[in-house]
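Please walk through this model with me, beginning where its two chains meet and then turning to one chain taken by itself.

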Amino acid sequence: MAHFDPNAKPFSHKWLDERLAVDTLQKVLSTEYWIPKNINFLWAMGMILAATFGILLLSGIFLLMYYIPDTKLAFDSVNHTIMGEVGYGWLWRHMHGVAASVVFLIIYIHMLTGIYYGSYKRGRELIWISGMLLFVSFSAEAFSGYMLPWGQMSYWAGMVITNLFSLGSLNLNGLVEWIRGDYVPGQAFLGRFFMLHVLLMPLIIMALIVLHFGTLRIPHVNNQDGEEIDFEEEAKKWKAGNRKESKVIPFNPVFLSKDVFVMSIYFIIYFYLVFYHFEFAMDPVNFDPADPLKTPPHIYPEWYFLWSYEILRPFSKNAGLIAFGFAQVIFFFLPFLDRSANVAPANRRGLFKYWFWILVVDMIVLTIMGKVPPMGIYTTIGTVAAWTFILLWAVLPFITKMEKPVRGSK
Amino acid sequence: MKDLKILGVVVFFTLVTYWGVEPYAHSVMHKHVEFEGFKYKDLKAPAKKGDPAKGKVAIAACVSCHGIKSQGIKAPMDAVSASAAYGVNPPDLSNAGAVLDEKFIANFIVSPTHAGLVKKSGMPAGMADAQGAADIAAYLKSIAPKEIKPKEAFEFACGRCHAVRYDKWTQIGQTPKTKADIKTGVDLKKMEFDKKVGQYKLNLAKYLGKLPPDLSIIVRARGEHYLKTFVENPQNLLHGTAMPRVGVSNEGYEKIYKYLEKVGDPSKPKREKVGPIVLLYFVGFAFLAYMWYKSQWKDLH
């Protein structure tokens with residue numbers, strides 16, 4: 001039976017602690033949540049992602065007040081009402097559009113950081129998997145959001161992507177119609193993507209963010225050398241006042257102070273883009289209203305989907321779909337395909353070092369080839385890059401199995 | 001130091017990706033057309049300079065279809081009837097000299113299809129010989145107002161084929177302010193106007209093969225360079241299009257673009273005002289954050 005002091009003043013510290021365990025909460029989540037000291041600025045990407053999600057949520061709430069999910073009105077509600085008539089509507093839209101693009105850049109940096117430092121092994125498998133679930137949910141959120149202005153690219157990208165669900169020669173046209181709610185994208189289509197974008201996907205994302213933080217709490221954050229740290233022992237040193245000797249720092253305020261500094265630099269760059277260089281995030285083609293009778297000469301997804309889109313393109317219909325499906329799920333299996341016990345930066349891990357950098361370059365090549373029209377030399381480069389991607393994953397278990405233990409790792 | 005090295009690597013790969021998907025990919029996807037400054041080099045200048053006094057007499061041939069309001073000459077037909085007769089409403093010529101290139105006007109009068117680079121034109125060819133056309137062009141220049149508003153330039157050059165719904169502009173003029181009947185919600189005046197616009201659009205689409213697009217946010221959809229080179233010579237970028245080369249002068253185009261930008265990108269002046277303030281705020285924020293970070297980490301190593 002819990003003890004409640006009848007004399008405690010309502011909402012006083014003691015009163016709250018007896019009911020909510022605020023002291024324990026603060027320790028567990030903040031002041032005694034230990035983070036390794038041996039980190040660099042890439043460790044701030046998580047907080048930057050959380051902040052960017054906050055920007056998306058906030059700007060999205062403002063946009064939602066004026067957006068109209070009707071195929072006849074959607075385009076003008078965005079481009080006229082929000083951009084011209086609502087005070088600072090343009091600012092919310094540019095913030096939303098730029099954040100939606102930038103959030104993927106940070107997600108990729110965050111993912112590649114995890115791969116480089118081996119932060120998906122030795123108890124951290126669930127961090128990786130919940131992170132990948134977040135990546136997939138963000139992708140669905142981004143795609144559904146892209147439909148909403150109902151411009152030419154919304155319409156035709158919606159057409160092309162939903163067509164994928166006919167699954168090639170299986171010709172599941174019934175499934176495609178079921179997803180669209182019509183034979184072609186129309187009111188039913190816009191209505192359901194609107195719901196997905198403003199309700200279901202954000203709910204899922206918020207739940208997954210909590211899960212992602214949760215999976216991090218017990219195995220703790222990795223560090224620059226992949227060193228296995230006895231967090232309890234190091235925490236004792238810190239609490240005894242040995243700030244220099246201890247290998248850990250508390251999340252709040254020490255880790256947070258560095259996070260906030262990195263975040264402030266990020267905000268300068270982000271707002272520079274919002275005010276002076278937003279075109280990259282807002283494709284001009286989407287400023288033409290959706291026209292079912294006029295196919296744009298080039299249909300391409302936003303830049304962050306290009307690498308997986310390019311894995312689909314160079315192959316025949318069925319093989320392309322299989323390759324595309326492979327690209328969508330293979331990252332989930334990383335913790336189990338990497339057979340080495342080493343948790344260390346890639347540059348100390350023999351062949352894995354080359355594997356990592358080839359992966360980075362290959363994904364950039366795929367991204368660029370995904371945007372240029374599939375002709376001539378671009379098709380060749382795209383095909384080679386797509387095969388390279390598949391082969392990289394095929395050889396991963398073998399090269400990591402052969403890997404020698406790195407000094408300091410078990 | 002190590003942080004900066006890592007930052008360098010991240011920035012490098014980010015910029016390569018950006019370069020690939022933006023400038024590079026777009027240079028592959030879109031043909032680059034060089035801007036020539038609205039010089040119309042393919043058209044010949046008249047042998048002798050045009051004489052406005054002679055042009056004033058010769059203009060009589062034009063006013064059977066065109067009005068010249070500034071000279072007290074009314075158009076013989078209203079917009080809708082004119083579109084039924086010619087496909088498109090012939091423009092009032094008061095501002096022609098302020099928007100169009102003089103050499104172009106002279107060539108256009110001799111042969112509208114040759115100067116306009118289109119297969120057919122509502123205006124007949126050979127309304128004057130080369131010298132007579134040069135005189136008319138000189139006359140139109142002489143009566144043109146020194147300064148016209150951006151919207152007037154747009155009206156003359158683009159506004160009889162293109163609507164701008166975000167500015168309530170239709171091909172037959174500004175949408176009038178009307179009042180609906182309070183008891184029934186019926187707005188007969190608006191319905192009458194809409195019917196006229198509808199009839200005009202049908203005539204126009206029949207004449208051109210399709211209805212020309214609304215230009216409300218064309219500046220965002222096409223960008224500055226594309227628009228400029230497209231207006232200079234539509235065939236270069238959209239081969240076979242029914243849109244004629246309009247023959248605007250440099251100053252005329254600047255006015256038109258100013259109008260389109262004001263309607264299509266109304267937040268530009270605000271962006272330029274608010275941007276520096278927000279950036280300055282975050283620079284200050286970064287400075288304070290750096291001080292906090294240094295104070296927290298000073299005795300850790």
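Buried area is the accessible area, taken with a 1.4 Å probe, that two parts lose on being put together, summed over both. With that in mind, and remembering that this is a predicted model, one can put a figure on the interface: the area buried between chain B and chain A is about 5,100 Å², and carbon and sulfur atoms give 72% of that area. The contact draws 59 residues from chain A and 48 residues from chain B.

Beyond this carbon and sulfur share, the interface also has charged and polar pairings. The count of salt bridges between chain B and chain A is five; one of the salt bridges joins the side chains of Arg243(A) and Asp299(B), with 3.0 Å from N to O. Polar contacts between chain B and chain A amount to 16 residue pairs, where both residues have a pLDDT of 80 or more.

Which helices of chain B each supply at least two residues of the side that touches chain A? They are helix 1 (2–29), helix 10 (218–222) and helix 14 (268–297) of chain B. Helix 1 of chain B gives the most to that side, with 19 residues. Sorted by class, the side of chain B that touches chain A has 30 nonpolar residues, together with nine polar and nine charged ones.

Turning to chain A as a whole, its secondary structure consists of 16 helices and two strands. The C-alpha atoms of chain A fill a box of roughly 75 × 60 × 45 Å along the principal axes. For 410 residues a compact globule would have a radius of gyration near 22 Å, and the 24 Å of chain A therefore agrees with that expectation. Buried residues make up 54% of the 410 residues in chain A. As for how the chain is connected in sequence, when contacts in chain A between residues at least 6 apart in sequence are considered, 77% of them join residues at least 24 apart.

A single residue brings the description down to local detail. Ser166(A) lies in the loop between helix 7 (152–163) and helix 8 (173–180) of chain A. Is Ser166(A) buried or exposed? Because buried means under 20% relative accessible area, Ser166(A), at 12% relative accessibility, counts as buried. When its neighbours within four places in sequence are left aside, Ser166(A) is in contact with Asn171(A), Leu172(A), Asn173(A) and Val176(A).

Conventions: Residues numbered from 1 in each chain as written. Chains lettered and ligands numbered in written order. Predicted model: local features only at pLDDT ≥ 70, side-chain atom pairs only at ≥ 80, totals over all residues. Heavy atoms only, no water. Contact = heavy atoms within 4.5 Å. Salt bridge = Lys/Arg side-chain N within 4 Å of Asp/Glu carboxyl O. Polar contact = N/O pair within 3.5 Å; in protein donor to acceptor, adjacent residues only side chain to side chain. Helix = DSSP H or I, 4+ residues; strand = E, 2+ residues; numbered from the N terminus. Nonpolar A, V, L, I, M, F, W, Y, C, P; charged D, E, K, R; others polar. Rg over C-alpha atoms; globule rule 2.2 N^0.38 Å. Buried < 20%, exposed > 50% of the residue type's maximum accessible area, 1.4 Å probe, protein only.
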